[in-house]
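Student: I would like to learn how to read a structure like this one, feature by feature. Could we begin with the vocabulary and then work through some residues?

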Amino acid sequence: MKVALVYTGVTPELIELVEREVKSQLPADTELLSYKDPTIIADVVKAGHVTTACAARLVTMFMQAAQDGADAILNICSSVGEVADSVQDLAKYIGVPIVRIDEEMCREAVRSGVRIGVMATLPTTLNPTKGTVLRVAREMNKQVEMVDALVEGGFGLNQDEFKALMTKYAQEIAPQVDVILFAQGSMAYAEEYIAEKTGKVVLSSPRFGAIALRRALEAKGLIPQK
């Protein structure tokens, strides 16, 4: 069995976290196919939105993964999650599910509370994640309130510096929220730290994406249900 991991962000922390979570959910002999194009997120940030060219390059990676024999695809970038949404009919037709890393996380956030804090270092990730939260809340027939936390100045920091910066923003919104959601998978290594500092439920996407990937493979009958 093969699964494809499609990245636009390529930080070592993100890749290590995603691979660890995916391996924890799937059989040991699962082959991981990795596809990376950091120019996509760079161009999205520069333009302030997902351009035609960015979407085309992402879909090209999806289709290359399908050609390479992937049984399922995990889309790891939340900034381009709506591109993954847009090709779901094609994914069903070719029999290769394209799973968003963040959708099940957003559902868990809605299950966990009414007031949801969304933290991101990029506005191009913040807004699509908020849109996903609102969509899944409608699907779950729940009303939610959201509080933004755009963590500015996070690029180029080491892990300790980044955790300190995250703590500053998280503590500012903590009194206003029931749950804190990290919009970017690359922030996930700070999940337990921020939960301890704020006393709030904190959610990050890699573990939820890995669970959703497993469920997609279970639905295809490739692995038994847990």
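Tutor: Helices and strands are here DSSP runs, a helix having at least four residues and a strand at least two, and they are numbered from the N terminus. With that naming, S204 is placed in the loop between β8 (201-203) and α10 (205-219). Please keep in mind throughout that this is a predicted model.

Student: How many helices and strands does the protein have?

Tutor: The protein has ten helices and eight strands. Its radius of gyration is 17 Å, close to the 17 Å that the globule rule gives for 226 residues, so the protein is as compact as a globular protein of that length. Along the principal axes, the C-alpha atoms fill a box of roughly 45 × 40 × 30 Å.

Student: What share of the 226 residues counts as buried, and what supplies the exposed area?

Tutor: Buried means under 20% relative accessible area, and exposed means over 50%. By that reading, 51% of the 226 residues count as buried. The protein exposes about 10,300 Å², of which carbon and sulfur atoms supply 51%. As for the contacts between residues at least 6 apart in sequence, 72% join residues at least 24 apart.

Student: Let us return to S204. Is S204 buried or exposed, and what does S204 touch?

Tutor: S204 is buried, with a relative accessible area of 2%. Leaving aside residues up to four places away in sequence, S204 touches M105, F182, A188 and E191. With E191 there is also a polar contact of 2.4 Å, which joins the two side chains.

Student: M105 brings us to another helix. How many residues of α6 are buried, and which are they?

Tutor: Helix α6 is mostly covered, with seven of its ten residues buried. The buried residues in α6 are E103, E104, M105, C106, R107, A109 and V110. As a general idea, an α-helix has 3.6 residues a turn, so residues three or four places apart point the same way.

Student: Which residues does A109 touch?

Tutor: A109, found in helix α6 (residues 103-112), is buried with a relative accessible area of 0%. Apart from residues up to four places away in sequence, A109 touches I116, V179, L181 and L203. A109 and L181 are 72 residues apart along the chain, yet 6.9 Å separates their C-alpha atoms.

Student: How should I read distance in sequence against distance in space for E21 and R207?

Tutor: The general idea is to set the two separations side by side. E21, in helix α1 (residues 12-25), is 186 residues from R207 in sequence, while the C-alpha atoms of the two are 5.4 Å apart in space. E21 touches P206, R207 and A210, again not counting residues up to four places away in sequence. The case of Y93 and E104 is another to read in this way: they are eleven residues apart in sequence and 23 Å apart in space, C-alpha to C-alpha. Y93 lies in helix α5 (residues 88-94) and is exposed, with a relative accessible area of 73%.

Student: What type of aromatic pair do F162 and Y189 form?

Tutor: Planes under 30 degrees apart count as stacked, those over 60 as edge-to-face and the rest as tilted. The structure holds one aromatic pair. F162 and Y189 form this pair, with 6.1 Å centre to centre and 45 degrees between the planes, and it is tilted. F162 lies in helix α8 (residues 159-173) and Y189 in the loop between β7 (179-182) and α9 (191-198), so the pair ties together parts that are 27 residues apart in sequence. F162 is buried, with a relative accessible area of 7%.

Student: Where does the charged end of K168 sit?

Tutor: The charged end of K168 sits over the ring of Y169, at 4.5 Å from the centre of that ring.

Student: Finally, what can I learn from the backbone angle phi of N141?

Tutor: Most residues other than glycine have a negative phi. N141 is not a glycine, although it has a positive phi of about 60 degrees. N141 lies in the loop between α7 (123-139) and β6 (145-150), and at 72% relative accessibility this residue counts as exposed.

Conventions
Residues are numbered from 1 along each chain as its sequence is written. This is a predicted model: local features need pLDDT of at least 70, side-chain atom pairs count only at pLDDT 80 or more; totals for chains, interfaces and linings use all residues. Side-chain values use heavy atoms; hydrogens and water are left out. Rings of Phe, Tyr and Trp (its six-membered ring) pair if their centres lie within 6.5 Å; planes under 30 degrees apart count as stacked, over 60 as edge-to-face and the rest as tilted. Buried means under 20% relative accessible area, exposed over 50%, partly exposed in between (1.4 Å probe, protein chains only). A charge sits over a ring if NZ of Lys or CZ of Arg is within 6 Å of the ring centre and within 35 degrees of the ring normal. The radius of gyration is taken over C-alpha atoms; the globule rule is 2.2 Å times the number of residues to the power 0.38. Contact means heavy atoms within 4.5 Å. Accessible areas come from the Shrake-Rupley method with a 1.4 Å probe; for residues, only the protein chains shown count as cover. A polar contact is a pair of N or O atoms within 3.5 Å; within protein, one must be able to donate a hydrogen and the other to accept it, and residues adjacent in sequence count only if both atoms are side-chain atoms.
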